[in-house]
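Hi everyone, thanks for coming. Today I'd like to walk you through one structure, a few places at a time, so have it open while I talk.

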Amino acid sequence: MITKEQVLQALSKVEEPDLKKDLVTLNMIKDIEINGNKITFTVVLTTPACPLKEVIKNRCIEALTTDLGEGLDITVNMTAEVTSIRNSAPVLPGVKNIIAISSGKGGVGKSTVTANLALALKQSGAKVGIIDADIFGPSIPMMFGAEDVQPLIAPKDGKNMIHPVIQFGIKMISIGFLTPADNAVVWRGPMASQALRQFFGDVDWGELDYLLIDLPPGTSDIHLSLVQTVPVTGAVIVTTPQKVAVADATKGLSMFRQPQINVPILGVVENMAYFTPKELPDNKYYIFGKDGGEEMAKKFDAPLIGKIPLVQGIREGGDEGRPLMMDEQNPTSKAFKETAERLAQQLAIRNANAPQTERVQVS
Ligand SMILES: Nc1ncnc2c1ncn2[C@@H]1O[C@H](COP(=O)(O)OP(=O)(O)OP(=O)(O)O)[C@@H](O)[C@H]1O
């Protein structure tokens, strides 16, 4: 008769390819049931967006067959619980990961990438939120077709809390929901920083796997307010391959790596990496230069997590308030899906290997 111990013994030979430890040590095997030659168990992955789901599943079956023989009836259920190192965080304990999305130069597509990555993560089964931290030029409400929506304000535990707007299954907050768009530009720096702090302290975010922060371009007061307000789990740098964009993105990357800030870089996204006309699908035109983001990632030893093409549908999706990821059949959605998977993967690796980021203290 097959025992639970034998099953665990076999599965302890399967390594999680990213975390480089076996599934049993990582506590990823749950609910083993054995009935004659029928074995059922669950593998709890570190993210529903795990790109290695099938690989891990097949390796489990292989390991069991090798150890316990052919002719087994094996059912592997794959589920996921997003990992977090924020368990005892004083601010937003229900939010597992806070991810800053940053760029150097303006207009490189940071908000577009944020919106589509959020949707790709959500489609994988994760709970996702966005803070539009671009107080001076908020674009998230428009990109999600939610410009006229006003968030609800309701008391919770004796305090008035803002409920995030929920659009396409993503919880979001933006200054654009709270003030008329024309007002935002005249805000002074300290007021903008105060608004950002309120997005953390006065919004009822509930439980989230990933909270994406769409930062303003450059390295601003808002960036510093962010790292002073919450420990940021990691940062993503968005750039086009263009020289000036890469030069500015490098400054952004270096800021997160400064010893007193010390936010891990989860990856670089090269946006507008190439253009492929519909009528010539095999041709690639490098309108903004070639591989600039990739080279930057290499130089700074950061993972390149995606190359997004320049596609009319991406621009149209943004302008029409329905990001391209809402159309899962669109061939370009694959680029965002894969980028989201690599982001989730890098985050799981980061959470397995490094402690909580410290909040930056003002001295
Ligand atoms: N891959 C792409 N293909 C086509 N258009 C794109 C792509 N990425 C972004 N865009 C378009 O480029 C414009 C700028 O994008 P977006 O607003 O996301 O940039 P940003 O870096 O967030 O800008 P800001 O500096 O204002 O914060 C938008 O019109 C958007 O639709």
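I'll go through the ligand and its surroundings, then two helices, then some single residues, and finally a stretch near the start of the chain.

One thing before we begin: this is a predicted model. Please keep that in mind as we go.

Let's start at the ligand. Which residues come nearest to the ligand? Of the 20 residues around the ligand, the nearest are G106, G109, S111, T112 and G318. The elements giving two or more residues to that shell are α3 (110-124), β14 (265-275), β15 (304-310) and α11 (312-320). If you sort the shell by class, you get 7 nonpolar, 10 polar and 3 charged residues.

Now let's bring in a record. UniProt, in an unreviewed entry, places a "binding site" feature at G104, K105, G106, G107, V108, G109, K110 and S111. Let's look at two of these residues. K105 is found in the loop between β6 (98-103) and α3, and G106 is found in the loop between β6 and α3 as well. Are they buried or exposed? K105 has 20 other C-beta atoms within 10 Å, so K105 is buried. For a residue to be called buried, 20 or more such atoms are needed. G106 has 13 C-beta neighbours inside 10 Å and therefore counts as partly exposed. And what does K105 touch, leaving aside its neighbours within four places in sequence? K105 is in contact with P217, V244, A245 and D248.

Next, follow the chain into α3. Does the length of this helix make sense? At 1.5 Å a residue, the 15 residues of α3 should span 21 Å, and the end C-alpha atoms are 21 Å apart, which agrees. In α3, 15 of the 15 residues are buried, so this helix is largely enclosed by the rest of the structure. Right after α3 comes G125, which has a positive phi, near 115°.

Compare that with another helix, α7, which covers residues 189-201. Its 13 residues should span 18 Å at 1.5 Å a residue, and the end C-alpha atoms are 19 Å apart, which agrees. Which residues of α7 are buried? They are A192, S193, A195, L196, F199 and F200. These residues cover an arc of only 155° around the axis, which puts them on the same side of α7. Here is some background that helps: an α-helix has 3.6 residues a turn, so residues three or four places apart point the same way. On the other side of α7, P190 and M191 are exposed. And what do the buried residues of α7 pack against? They pack against β7 (128-132), β11 (170-174), α5 (175-178) and α8 (221-229).

Just past that helix, have a look at G206. You'll find G206 in the loop between α7 and β12 (210-214). G206 has 13 other C-beta atoms within 10 Å, so G206 is partly exposed. G206 and H163 are 43 residues apart in sequence, and their C-alpha atoms are 9.5 Å apart in space.

Now for some backbone angles. Most residues other than glycine have a negative phi. Which way does N262 go, positive or negative? The phi of N262 is positive, near 55°, and N262 is not a glycine. N262 sits in the loop between α9 (243-257) and β14, and is partly exposed, with 14 other C-beta atoms within 10 Å. M272 also has a positive phi, of about 55°, although M272 is not a glycine. M272 is found in strand β14. M272 is buried, with 26 other C-beta atoms within 10 Å.

Last stop: the start of the chain. UniProt, again in an unreviewed entry, has the annotation "domain: MIP18 family-like" for residues 4-70. Over residues 4-70 the chain is 36% helix and 28% strand, and the end C-alpha atoms are 17 Å apart. Within that stretch, find S12, in the loop between α1 (4-11) and β1 (15-16). S12 has 15 C-beta neighbours inside 10 Å and so counts as partly exposed. Leaving aside its neighbours within four places in sequence, S12 is in contact with D22 and V24. S12 and N283, on the other hand, are 271 residues apart in sequence and 46 Å apart in space, C-alpha to C-alpha.

That's my tour. Thanks for listening!

Key:
Residues are numbered from 1 along each chain as its sequence is written. This is a predicted model: local features need pLDDT of at least 70, side-chain atom pairs count only at pLDDT 80 or more; totals for chains, interfaces and linings use all residues. Helices (H or I, at least four residues) and strands (E, at least two) are DSSP runs, numbered from the N terminus. The expected span of a helix is 1.5 Å times one less than its number of residues. A residue is buried if 20 or more other C-beta atoms lie within 10 Å of its own, exposed if 12 or fewer, and partly exposed in between; C-beta atoms are placed from the backbone. The arc is that of the directions from the helix axis to the C-beta atoms. Two residues are in contact if their C-beta atoms, placed from the backbone, lie within 7 Å. A residue is near a molecule or strand if its C-beta atom, placed from the backbone, lies within 6 Å of it. Ala, Val, Leu, Ile, Met, Phe, Trp, Tyr, Cys and Pro count as nonpolar, Asp, Glu, Lys and Arg as charged, and the others, Gly among them, as polar. UniProt positions are given in the numbering used here, feature names are shortened, and annotations may be inferred rather than shown by experiment.
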